[in-house]
Structures are given as structure tokens and as C-alpha cells.
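User: I have a model open and want to go through its internals. Can you take my questions as they come?

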Amino acid sequence: MTDTLTKLAYQTFQQGKSAFGLAHKTLSSQMLSFFSPLEDRQTDSLPADILALLHQRLNVLLETDWHDAEQGVYPVELLFDNPWDDFFRFYPLLVMDMPIIWERAKQKRHQDFDTTINTEAYPSYYLQNFHHQTNGYLSDLSANLYDLQVEILFNGSADAMRRRVLAPLKQGLAAFSTVLPSQLRVLDVACGTGRTLRFVRGTFPQASLYGTDLSPAYLRKANQHLSQLPGELPQLAQANAEALPYQDGYFHGITCVFLFHELPPAARQAVIDQCFRVLKPGGTLVICDSIQESDSPEFAVNMRNFPKMFHEPYYRHYVTDDLVKRLETSGFTVEPTVTHFMSKYWVAHKPV
């Protein structure tokens with residue numbers, strides 16, 4: 001009975017997030033069309049059968065999320081991990097920022113940063129207002145709004161998609177059964193605000209966790225989130241994933257969530273090469289990112305619409321890129337890819 005009530009609570013929780021996300025997007029889209037119409041922003045309408053398929057895929061994702069928690073892959077408590085303080089504090093700021101975003105998008109100011117933002121020493125491809133975010137990834141406001149924006153984008157399912165890296169990571173770390181739990185080392189590349197690291201900590205409470213990101217603002221936010229958790233604080237470092245600041249063969253496992261679609265092709269390969277270098281033989285890399293044309297042709301219209309609505313300069317190439325080939329070029333062996341809702345997963349192993 002307890003499991004039934006908990007599952008009902010989880011379903012209600014997710015339905016509430018989904019309804020809110022849909023309502024926000026519908027209202028903001030209507031406001032955008034009225035106050036800031038733009039021809040080249042016009043998107044293709046989604047056929048009714050695609051909308052129904054999206055809803056079905058979302059339900060399957062949530063059922064998988066519940067099943068993994070029920071089977072003990074990770075604690076059920078993680079299903080209800082939600083930054084409520086951030087929601088109530090920052091949602092009004094998100095709404096207030098929308099007209100600024102619309103105007104910047106209308107003027108095609110895609111590399112627009114405040115004069116107070118130091119843009120030196122960052123790769124040129126990073127100096128973008130991804131998603132039209134004010135100051136890109138280089139401000140505290142951006143870091144405070146990011147999780148809200150992504151949850152709204154995916155109708156409250158972003159965390160459920162992030163948690164799909166946990167089962168393959170757990171299976172991969174089982175290869176190191178002789179290593180004490182406290183001596184396992186796991187890295188989250190491009191850790192952002194620390195959401196994935198929170199879930200990894202909940203799944204591996206004794207492991208030594210590490211995170212890298214290019215943005216000092218996002219690392220500050222991650223430190224704020226992660227310092228709330230019991231146990232050892234993950235070690236966070238500001239670093240370009242094309243040159244990870246760790247010795248060869250240091251980590252037993254690596255995760256990387258929602259990064260590769262925001263990288264140009266050469267950078268994707270460089271990041272994969274670095275992950276291979278810092279993994280131990282027998283180690284596992286788990287990548288979560290957007291679906292691609294090869295595995296989800298039924299959602300081609302969604303993939304066409306995404307870079308129209310959001311500034312994503314490398315997305316069109318990403319959806320046709322062969323990451324399996326890139327992983328194998330680096331030396332990985334790769335499991336068959338899987339998709340969950342709007343996300344795709346690569347599980348790669350460094351040969352012993």
C-alpha cells in the first residue's frame with residue numbers, strides 16, 4: 001500500500017510539473033507572437049499523432065523512472081528532489097527576463113554579454129547566448145534560472161531524463177567490485193548547476209564525486225545545491241572539457257548530460273578523447289543528450305523547431321552526428337544506444 005501511495009504521489013507530482021510547463025509555454029508563446037513577432041522564428045506545427053506520441057513517450061519515461069527507484073537503482077526520495085526554493089524565488093525573474101530575451105532574439109544579438117562579464121579565456125564557441133539566455137552561461141542570473149527553464153522546456157521531465165544515466169553508471173561501476181565504495185571516483189563533465197551530481201550522490205553516497213564546468217557562475221550554483229547534501233562535498237573545478245585537469249586513468253565512471261549538442265564537431269571529439277584518457281581501463285562513460293535523426297525520425301519536426309526557437313548554433317549538425325563512431329575512434333566499446341522521451345543515451349566502456 002505504501003508503494004502504491006508513493007507512486008501515486010510521484011505521478012501527481014510529475015503531472016503538476018508537466019501541466020505547469022505546458023501552461024507556461026502556451027502563454028509565453030502567445031505573448032511572444034503578439035509582442036515580438038518574427039518571421040524566421042515561425043515553427044512547424046506538430047501533427048496530432050506526434051503530440052500523442054510525445055505524451056506516450058513521456059509516460060514511458062516516468063514509468064521507467066519509478067521502476068528504477070522501486071528496484072533500488074536509486075532511492076525513491078530522489079524522485080521528489082526539486083529545487084522549490086529556487087522556483088518561488090526565481091520564477092518571477094524568469095518571467096521578467098522574457099521580454100529582454102525576445103528583443104535580443106529579434107535583433108539576432110546571439111553573442112551579447114554585459115560589459116561586466118569577463119569573456120576572456122573562453123573558447124569562441126562558448127560565447128553564445130544559448131537558449132537566448134541573458135549573458136549566456138556566464139552570469140549568476142543565468143545559473144539561477146537555468147533549471148527552471150529546462151524543466152519548463154521538457155514539461156517537468158528534465159530530472160527524470162538525467163536519472164537515466166544512473167542505472168548504466170551503476171552497472172559499469174560494478175566492474176570495480178573489489179574497490180571500496182569510498183574509493184570509487186566519478187566525474188560529471190559540464191556539471192552545470194549540479195543536478196546530475198545530486199542524483200549521483202544519492203545513488204553512491206560514499207563515492208568521491210567530481211564536477212567540471214566552464215562557468216564560474218554555474219559552479220557557484222552547483223556548490224550551493226551540493227553543499228545541502230550530507231557526506232563529502234563533490235570537488236568542483238572550472239575547466240574546459242577539452243582539457244580535463246586530471247591524470248590519466250583517474251576515474252571509474254564519467255557522466256555527461258546535455259553537453260554535446262552545444263559543442264561544434266571538433267570539440268565533441270576532443271571531449272570524448274579526454275574522457276577516454278581520464279577513465280580507468282574498465283571504466284564507463286554515460287552520455288545523455290538530445291535525440292537524433294537516426295533514432296527518432298518521427299520527431300524530425302521537433303528537431304527542426306528547436307534551433308528556430310532557441311539559439312542553438314551547433315544543434316543542426318549534432319542531430320546528424322555519429323557519436324558512436326566518435327566514441328569508437330577514441331577507443332571505446334559502445335553499447336547499443338537507447339532513447340527516453342526526448343533524450344538519447346550512449347554507454348561506452350574503456351577496454352581493460
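User: Which helices each supply at least two residues of the lining of the second largest cavity?
Analyst: α4 and α5 (158-162). Helices here are DSSP runs of H or I with at least four residues, and strands are E runs of at least two, both numbered from the N terminus. This is a predicted model, where local features need pLDDT of at least 70, side-chain atom pairs count only at pLDDT 80 or more, and totals for chains, interfaces and linings use all residues. Residues are numbered from 1 along each chain as its sequence is written, and side-chain values use heavy atoms, without hydrogens and water.

User: Which residues line that second largest cavity?
Analyst: P83, D147, V150, E151, A158, D159, R162 and R195. A cavity is a set of points on a 1 Å grid over the protein atoms alone where a 1.4 Å probe fits but cannot get out; lining residues have an atom within 4 Å of a point. By class, this lining has three nonpolar, no polar and five charged residues. Ala, Val, Leu, Ile, Met, Phe, Trp, Tyr, Cys and Pro count as nonpolar, Asp, Glu, Lys and Arg as charged, and the others, Gly among them, as polar.

User: How much space lies in the second largest cavity, and how much in the largest?
Analyst: About 40 Å³ in the second largest and about 430 Å³ in the largest. Volume is the space filled by probe spheres set on the grid points, which are joined across faces, edges and corners.

User: What lines the largest one?
Analyst: It has 28 lining residues, with A190, G192, D213, F258 and L259 nearest its centre. The split is 16 nonpolar, six polar and six charged. α4 (140-153), α7 (195-203) and β2 (208-213) each give at least two of them.

User: Switching to charges. How many salt bridges are there?
Analyst: The whole structure has 20. The test is a side-chain nitrogen of Lys or Arg within 4 Å of a carboxyl oxygen of Asp or Glu. D81, D147, D159, R162, R195 and R198 are linked in a network of them.

User: What does K17 pair with?
Analyst: E151, with the closest N and O atoms 2.8 Å apart. K17 sits in helix α1 (residues 2-35) and E151 in helix α4, so the pair ties together parts 134 residues apart in sequence. Both K17 and E151 are buried, meaning under 20% relative accessible area; exposed is over 50%, and partly exposed lies in between (1.4 Å probe, protein chains only).

User: And R268, what does that side chain meet?
Analyst: D321, at 2.7 Å from N to O. D321 is in the loop between α11 (315-318) and α12 (323-330), and R268 in helix α9 (residues 265-278). R268 has a relative accessible area of 0%; D321 has 11%.

User: Now the nonpolar core. Which residues touch the most other members?
Analyst: V189, I254, F260 and L285, in the largest core of 91 residues. Helix α2 (residues 48-70) gives the largest share, eight residues. A core is a set of buried Ala, Val, Leu, Ile, Met, Phe, Trp, Tyr and Cys residues joined through side-chain atoms within 4.5 Å.

User: Which non-glycine residue in the loop between α4 and α5 has a positive phi?
Analyst: N155, with a phi of about 50 degrees. N155 counts as buried, at 16% relative accessibility. H131 also has a positive phi, about 60 degrees, and lies in the loop between α3 (84-106) and α4. Most residues other than glycine have a negative phi.

Note on methods
On a 1 Å grid over the protein atoms alone, a cavity is a set of points where a 1.4 Å probe fits but cannot get out, and a pocket is an open set with protein on both sides within 12 Å along at least five of seven lines; lining residues have an atom within 4 Å of a point.
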